[in-house]
Amino acid sequence: MTDRRPDPFSPVQLGPVRLRNRIIKAATSEGRSPKGLVTDDLIDFHRSFAEGGVGMTTVAYCCVSPQAASAPGQIVMNSDALPGLRTLTDAVHASGAGISAQLGHAGVVAPKKLTGVTALAPSRFINPTSFAYCREISRDGIAGVIDQFGEAARVAVDAGFDAVELHFGHLYLPSSFLSPLINRRRDEYGGDIDNRSRLVREIAQRVRDVVGNSIAVIAKLDMDDGLPGSIWIAEALRTVQLLDADATLDAIELTQGSSVYRPMYLFRGDVPVREFAEVMPPMLRPGVRILGKGVMGSYPYEDMYMLPAARQFVPIMKNTKLILLGGITNRQHVETGIAEGFDFVAMGRALLREPDLVDKMVADPGTRSRCNHNNKCMVTVFGRTHCVLDPLQRYGAAERADGPVSQATPPAEPATS
């Protein structure tokens with residue numbers, strides 16, 4: 001019989017966008033925009049993945065408002081950021097890849113010391129890691145957040161992005177509405193899973209109304225978050241079914257874990273407790289060394305570790321493509337994901353270690369990733385995210401990280417996508 005599985009390294013359509021292959025660089029913290037604006041260092045970071053062969057790279061966590069930030073230096077999607085974002089998208093297009101902007105509102109993990117306001121949640125909530133109080137968002141506040149996602153998407157279109165990725169995962173604000181542990185509302189946004197899915201559906205609809213068919217719209221959504229009594233696969237399947245029926249999204253990237261508690265459920269593998277302790281204030285270091293593993297969680301790494309959960313979603317999709325994430329490090333994993341019925345695969349740490357890994361897999365199908373899942377890259381998010389095993393990433397161009405994007409002549413016209 002003829003093998004009709006699509007070639008993962010051939011051009012493919014994602015909504016209105018034509019990508020050169022089915023491999024997406026997943027959003028990973030960058031730390032290359034310390035003043036909240038695009039820098040040459042950020043451009044170099046994403047251009048490296050484009051030049052290394054990915055179909056599309058994702059700019060991590062672009063805030064829909066200043067109060068939506070989860071860490072210092074994140075880009076807020078507004079007119080101030082627009083010139084630099086345009087230079088960034090031009091650079092990536094000139095290297096042959098597409099580029100997506102991840103749009104997010106941190107909600108319960110937005111620190112008051114950074115944003116100046118108390119963090120928002122569906123209901124009153126105490127963050128179990130920071131012990132910070134989160135206030136219940138009002139009905140008007142919900143409408144405002146929906147508007148913010150729409151306006152951020154408009155900036156993405158004006159900046160030349162090929163796609164936006166709506167962050168509906170990891171218990172950030174939209175995701176926390178999906179959690180019965182955090183969402184205890186008694187209005188139309190609380191209660192059963194259909195009601196708790198209302199906010200993500202309304203955000204997706206608003207963004208689609210704003211962008212039309214000019215760019216692709218993706219959502220990143222939790223299958224489960226690892227917290228007892230919170231998001232689990234059975235209800236996540238219903239949320240995805242509703243989103244698929246709405247036909248507002250071009251693709252859904254399935255994820256796991258949270259930024260609230262036990263983040264290693266997302267990453268798996270070694271727990272870098274000692275390294276995290278070293279970057280903490282001296283008074284906190286003993287506590288981090290003693291309690292850190294319990295707070296962060298400990299889960300063994302396995303190749304393609306999200307696949308057993310993610311394959312549950314394949315049969316229910318009718319209108320929306322699926323993106324597989326989690327432990328994809330070589331060509332066999334890519335081909336397995338496509339054979340299982342996923343339309344795209346997303347890679348994070350493996351590409352952080354080797355930005356040209358996709359080109360290597362094409363040239364030599366037996367190529368193995370050099371990422372060993374030590375997860376020390378997690379600690380580098382407190383500065384400039386990099387693979388600690390690569391001296392060029394660790395030391396090269398670091399002096400450029402604080403400077404804004406240069407106003408030199410823009411790169412050549414963007415490649416057609």
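This passage describes a sheet, the nonpolar cores and two helix pairs in a predicted model.

The sheet considered here is open and consists of three strands in the order 6-8-7, with mixed pairing. Strand 6 (119-121) and strand 7 (125-126) are at its edges, and each has a single partner strand, so one side of each lacks a neighbour in the sheet. Strand 6 runs parallel to strand 8 (residues 133-136), and the two are joined by three bridges. One residue pair can be named in this connection: Ala119 has Cys134 in strand 8 as its bridge partner.

In soluble globular proteins, nonpolar side chains tend to be buried together. In this model, the largest nonpolar core contains 117 residues. The members that touch the most other members are Met77, Leu85, Leu103, Leu166, Val207 and Ile252. Helix 4 (residues 139-159) supplies the largest share of this core, with nine residues. The surroundings of Ile252 can be listed in more detail. When neighbours within four places in sequence are left aside, Ile252 is in contact with Ala219, Leu221, Val240, Leu243, Met317, Thr320, Lys321, Leu322 and Ile323. A second core, separate from the largest one, has eleven residues, among them Val271, Val273, Phe276 and Val288.

Two packed helices are described by the angle between their axes and the distance between the axes. For helix 2 (residues 82-94) and helix 4, the angle is about 50 degrees and the axes are 8 Å apart. Helix 2 is therefore oblique to helix 4. The crossing in which helix 2 passes helix 4 is right-handed. On the side of helix 2, the residues that meet helix 4 are Leu82, Leu85, Arg86 and Thr89, and their counterparts in helix 4 are Val155, Asp158 and Ala159. Leu85 in helix 2 is also one of the residues that touch the most other members of the largest core.

A further pair is formed by helix 7 (residues 198-211) and helix 8 (residues 233-246), which pack at an angle of about 25 degrees with their axes 10 Å apart. Because angles under 35 degrees count as roughly parallel, helix 7 and helix 8 are roughly parallel to each other. Helix 7 also passes helix 8 in a right-handed crossing. Val200, Arg201 and Ala204 are the helix 7 residues at this meeting, while helix 8 contributes Thr239, Leu242, Leu243 and Asp246. Leu243, which meets helix 7 from helix 8, is also in contact with Ile252.

Methods: Residues are numbered from 1 along each chain as its sequence is written. This is a predicted model: local features need pLDDT of at least 70, side-chain atom pairs count only at pLDDT 80 or more; totals for chains, interfaces and linings use all residues. Side-chain values use heavy atoms; hydrogens and water are left out. Two strands pair if DSSP finds at least two bridges between them. Helices (H or I, at least four residues) and strands (E, at least two) are DSSP runs, numbered from the N terminus. A nonpolar core is a set of buried Ala, Val, Leu, Ile, Met, Phe, Trp, Tyr and Cys residues joined through side-chain atoms within 4.5 Å. Buried means under 20% relative accessible area, exposed over 50%, partly exposed in between (1.4 Å probe, protein chains only). Contact means heavy atoms within 4.5 Å. Axes are lines fitted to C-alpha atoms, for helices over the stretch in contact, and angles run from 0 to 180 degrees between N-to-C directions. Angles under 35 degrees count as roughly parallel, over 145 as roughly antiparallel, 65 to 115 as roughly perpendicular and the rest as oblique. A crossing is left-handed if the near helix is turned anticlockwise from the far one by less than a right angle, and right-handed if clockwise.
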